[in-house]
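Dear colleague,

Here is the structure I promised to pass on to you, and my notes on it follow just below. Please keep it open beside this message while you read.

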Amino acid sequence: MSRLVATEILKRQSPTARATIIEKWATVADICRNLNNFNSVLEITSAFSSSAIYRIKKTWEKVSKQVRKLLSNYFSVYYYYYHYYYYYYYYYYYYYYYYY
């Protein structure tokens, strides 16, 4: 799904059209969060944080501040989710292999 989101954004030529698509996908992510579909929220957020999407500065300048604030909240959730599970599995395997 993250590749679909990135492809839909990068298909557009102008920064304004790309910003419109980013806002639509941010709305989809918000609807998914309200439906407790956190997997889709993380997929859409990971598409926004991919290097191809993250680097288009002129497009991000045209995205509304309200949507950017919403996405920054999702980025923080994505960040904590990723690091929580990374450290959980790291310590679990460390403990399992060295103490059993």
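Thr45 is buried in this predicted model, because its relative accessible area is 1% and the cut-off for buried is under 20%. Its place is in helix α3, and a polar atom of the Thr45 side chain lies 2.7 Å from the backbone oxygen of Val41. When you look at that pair, it may help to remember that an α-helix has 3.6 residues a turn, so residues three or four places apart point the same way.

The surroundings of Thr45 are worth a look as well. Eight of the eleven residues of α3 are buried, so this helix is largely enclosed by the rest of the structure. The buried residues of α3 are Ser40, Val41, Leu42, Ile44, Thr45, Ser46, Ala47 and Phe48.

How, then, are α2 and α3 placed relative to each other? Their axes come within 8 Å and cross at roughly 155°, and since angles over 145 degrees count as roughly antiparallel, that is therefore how the two helices are described. The crossing of α2 and α3 is left-handed. On the α2 side, the residues that meet α3 are Ile22, Trp25, Ala26, Val28, Ala29, Cys32 and Arg33, while on the α3 side Phe38, Ser40, Val41, Ile44 and Phe48 take part.

In the loop between α2 and α3 you will find Asn36, which has a positive phi of about 60° although it is not a glycine. Is Asn36 buried or exposed? With a relative accessibility of 54%, Asn36 counts as exposed, because the cut-off for that class is over 50%.

Finally, please turn to the nonpolar core. The largest one has 21 residues, and those with the most contacts inside it are Val5, Ile9, Ile22, Phe48, Trp60 and Leu71. At least two residues of this core are supplied by each of α1 (2-10), α2 (15-34), α3 (38-48) and α6 (65-99), and the largest share, seven residues, comes from α2. If you would like to follow one of these residues, you could choose Trp60, which, leaving aside its neighbours within four places in sequence, is in contact with Ile22, Phe48, Ile53, Tyr54, Arg68 and Leu71.

With best wishes

Key. Residues numbered from 1 in each chain as written. Predicted model: local features only at pLDDT ≥ 70, side-chain atom pairs only at ≥ 80, totals over all residues. Heavy atoms only, no water. Core = buried A, V, L, I, M, F, W, Y, C linked by side-chain atoms within 4.5 Å. Buried < 20%, exposed > 50% of the residue type's maximum accessible area, 1.4 Å probe, protein only. Helix = DSSP H or I, 4+ residues; strand = E, 2+ residues; numbered from the N terminus. Contact = heavy atoms within 4.5 Å. Polar contact = N/O pair within 3.5 Å; in protein donor to acceptor, adjacent residues only side chain to side chain. Axes fitted to C-alpha atoms, helices over the stretch in contact; angles between N-to-C directions. Parallel < 35°, antiparallel > 145°, perpendicular 65-115°, else oblique. Left-handed = near helix turned anticlockwise from the far one by under 90°.
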